[in-house]
Amino acid sequence: RELKDLSIDPAVLDILSLAKQKNYETVWDRLERQSPHCKFGSSGLCCRNCVMGPCRITEKTPKGVCGADAATIVARNLIRALAAGAAAHSDHGRAVAVLFNEVAQGKNKDYQIADEAKLKSIAEKFHIHTSQDITSIAKEVARVALEDFGKQDEKALNFLEAYAPQKRKETWQKVEEALFSQTGKKMGILPRNIDREITECMHRTHMGVDNQALSLLVQGVRTALADGWGGSLIATELQDVLFGTPDKKVIKANLGVLKEDQVNIIVHGHEPILSEQVVAAAMSPEMQEKAKEVGAQGINVAGICCTANEVLMRLGVPVAGNMIHQELAIMTGVVEAMVVDVQCIFPSLGPLAKCFHTKFISTSDRAAFPEAVHIQFDEHHAREVAQKIVETAIEAFKERDPQKVHIPQEVEEAVVGFSVEEIIKILGGSPKPLVDAILAGKIKGVVGIVGCNNPKIKHDAFHISLTKELIKKDILVIGTGCWAIAAAKAGFMKLDAQALAGEGLKEVCKALDIPPVLHMGSCVDCSRMLVLAAALADYLKVDISDLPLVGSAPEWTTEKAVSIGTYFVASGVPVHLWPMPPIGGSEEVVGILTEGVKDLLGGYFFIEEDPVKTASRMERIIMEKRKAF
Ligand code: BF8
Ligand code: SF4
């Protein structure tokens, strides 16, 4: 592929030509060497679940050694991926819940309860008395959250019970009953315990346990719900309590946020438990002073991936880019430290950082990387460790090689910070104005876009053309993750972007003083979109599947995206995907996920390669839903 076919972002193309000139290896180089990809893997038809295999399914060999057929193998592989994705989000959520509990118990002084109002609003959902003192409320909220990771009864998750709209819960109940009466086999949809559903996916996909596609996929749905209405939701809600609920603010985006005359620290990964502390340490007068001592004008922190989304939503920290920017940021030659924790961090970064003065600093006990400097993060000494990280970056500044400095000029502004609380506040305290705008047809519907970058697809191209087409059609676009960073970089989150919207959407956005494309946060914050959908559904006393909502993961990459897509489908939302997930090897599995689920859950998956066609299909779905309104 030619350079111009790799990304729509000029900053990326700028660094890529530098990489070519200097022979730096990138994700695209390795993709090329891996291509063409194995067809068995791409279609889901390879099984390595026991050592009678590995088995590959073909027309001549339609069964694995154990007798498993294509549908079983494809479904098993899919729900294993889903379980890994749910585990990633939920382990993040657990870390927050455990920390929150310690703060509530007075056992951690490096973190505080930053948002008492949010804590009280969560407590109310669980009928916890809010007239008690704040630490007693916090202890009780911590208990219900932790319980969702460890309770052993058959009841649904506390968080799902408290947050999911009434009609949807009834739907899930009915689906369980319908599946039982159709098949005679108990097939649970309602998740009981976050860890348990993930464990059960692993158990069922072991050789010789669950060998039927439908049964496996239903467990996948249950696990995804445990993520969306459980692990991810707990992460979002308790992070808001600990670090503050995001509100509207203006930030800067793209590689141009890096500063030649400052110590640049990039936080990359996912957990604000770390990145919030790094930002605080870097901003301290003491560290700023130290930076000046080594000849820098100050310290500049910027983010990459979802931890960027966390600190930009709450603190207004600039974002250097999305997932595909991680290697390119180091190639600017001005990054003193790239500080990482977990998820979506390329193991290529350690060796790459060695070509520069950049310290690639790993911090999590769950993640080690080749050639990284490991500075062990510990929530109990968070400030101390964060300071050490910042000091390491300041030291590295002395080693910067001016010959290697190359910062692309691209920077965009974006209005971000659209938590559900902020949206409701902007609407004047109730979802009514938004509902009215939808009913009046000024806004036809809402599309939530999530997810990643994938070097197989022209970087940001699908994200941006889809977004553009949708707002032109008077469809409000909301979203999270690397899509949100793409939209910010492309200028779609500026107030000026109202001009790109259709007349109706434009009018509403002008009246509310918001862009037509709303940044709702990181990938765990996809739970914010569920909460918003729930608020609209409850307000109208309908199910989520009745609302003119569609989801999309147009450049998806990770197993987390499998879980996110599935919990949206399970919550009643049709979800578009590109690229094709590795399920093509089984018509049965494809049939269940694109058709069969429709009648049961209201949501379903559809695959489309072309952004313009995707937008038209979404509009058709939305218009169809509006008719029934
Ligand atoms: O959790 S969008 S590439 S960074 S998985 Fe990863 Fe995908 Fe980016 Fe955030 Ni989400
Ligand atoms: Fe082959 Fe069955 Fe073992 Fe999978 S579980 S590797 S299909 S024998």
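**Close-up views of a predicted model**

**View 1. A buried lysine and its glutamate partner.** Lysine 118 counts as buried, because its relative accessibility is 4% and the cut-off for burial is under 20%. As in every view here, the coordinates belong to a predicted model. To find this residue, look in helix α5, which spans 116-125. What does the side chain of lysine 118 make a polar contact with? The partner is the side chain of glutamate 421, at a distance of 2.6 Å.

**View 2. The nickel atom of ligand 1.** Which residue is the only protein donor of this nickel atom? That role falls to Cys523, whose SG atom sits 2.1 Å from the metal. Cysteine 523 itself belongs to the loop that runs between β13 (517-519) and α22 (526-540). Around the nickel atom there are 4 donor atoms, and the angles they subtend go from 93 to 152 degrees. The arrangement is irregular because of these angles: a tetrahedral label would need all angles between 85 and 135 degrees, while a square planar one would need opposite donors over 155 degrees apart. For reference, the ideal angle for four tetrahedral donors is 109.5 degrees.

**View 3. The shell around ligand 1.** Step back from the metal and the surroundings of ligand 1 come into view: His270, Cys305, Cys306, Met323, Cys344, Gly451, Cys452, Cys482, Cys523, Thr558 and Lys560. By class, this shell holds 7 nonpolar, 3 polar and 1 charged residues. Two side chains deserve a second look for their distances to oxygen atoms of the ligand. In histidine 270, a side-chain N or O atom is 2.7 Å from an oxygen atom of ligand 1. In lysine 560, the corresponding distance to an oxygen atom of ligand 1 is 2.9 Å. Which domains each supply at least three residues to this shell? They are domain 3 (255-404) and domain 4 (416-627).

**View 4. Cysteine 305, a shell residue with a positive phi.** Among the residues surrounding ligand 1 is Cys305, found in helix α13, which covers residues 305-315. Its phi is positive, at about 65 degrees, although the residue is not a glycine. Is cysteine 305 buried or exposed? It is buried, since its relative accessible area is 1%.

**View 5. The shell around ligand 2.** Here the surrounding residues are Cys47, Asn49, Cys50, Met52, Gly53, Cys55, Gly64, Val65, Cys66, Ile73, Arg76 and Met207. Sorted by class, they give 8 nonpolar, 3 polar and 1 charged residues. Domain 1 (3-56) and domain 2 (70-243) each contribute at least three residues to this shell. Gly53, one of the shell residues, is joined to proline 54 by a cis peptide bond with omega of about 5 degrees. Proline 54 lies in the loop between β1 (46-47) and β2 (55-56).

**View 6. A second cis proline, and a cysteine in the loop.** The peptide bond leading from serine 35 to proline 36 is cis, and its omega is near -5 degrees. Proline 36 is placed in the loop between α2 (27-34) and α3 (39-43). Cysteine 38 is likewise found in the loop between α2 and α3, and counts as partly exposed because its relative accessibility is 47%. How far apart in space are cysteine 38 and glycine 429, C-alpha to C-alpha? The distance is 53 Å, across a sequence separation of 391 residues.

**View 7. Glycine 85 beside a residue distant in sequence.** Helix α4 (residues 70-104) carries glycine 85, which is buried with a relative accessible area of 1%. Between glycine 85 and serine 563 there are 5.7 Å in space, C-alpha to C-alpha, although the two are 478 residues apart in sequence.

**View 8. An exposed histidine with a positive phi.** Histidine 127 sits in the loop between α5 (116-125) and α6 (134-150). Its phi is near 55 degrees, a positive value in a residue other than glycine. Histidine 127 counts as exposed because its relative accessibility is 73%.

**View 9. Isoleucine 607 in a strand.** Strand β16 (residues 605-607) includes isoleucine 607, which is partly exposed at a relative accessible area of 27%. From isoleucine 607 to valine 575, the C-alpha to C-alpha distance is 8.6 Å, with 32 residues of sequence separation.

Terms used
Residues numbered from 1 in each chain as written. Chains lettered and ligands numbered in written order. Predicted model: local features only at pLDDT ≥ 70, side-chain atom pairs only at ≥ 80, totals over all residues. Heavy atoms only, no water. Near = heavy atom within 4 Å. Nonpolar A, V, L, I, M, F, W, Y, C, P; charged D, E, K, R; others polar. Domains from an automatic or database assignment. Donors = N, O, S within 2.8 Å, 3.2 Å for Na, K, Ca; no water. Tetrahedral: all angles 85-135°; square planar, octahedral: opposite > 155°, others 65-115°. Helix = DSSP H or I, 4+ residues; strand = E, 2+ residues; numbered from the N terminus. Polar contact = N/O pair within 3.5 Å; in protein donor to acceptor, adjacent residues only side chain to side chain. Buried < 20%, exposed > 50% of the residue type's maximum accessible area, 1.4 Å probe, protein only.
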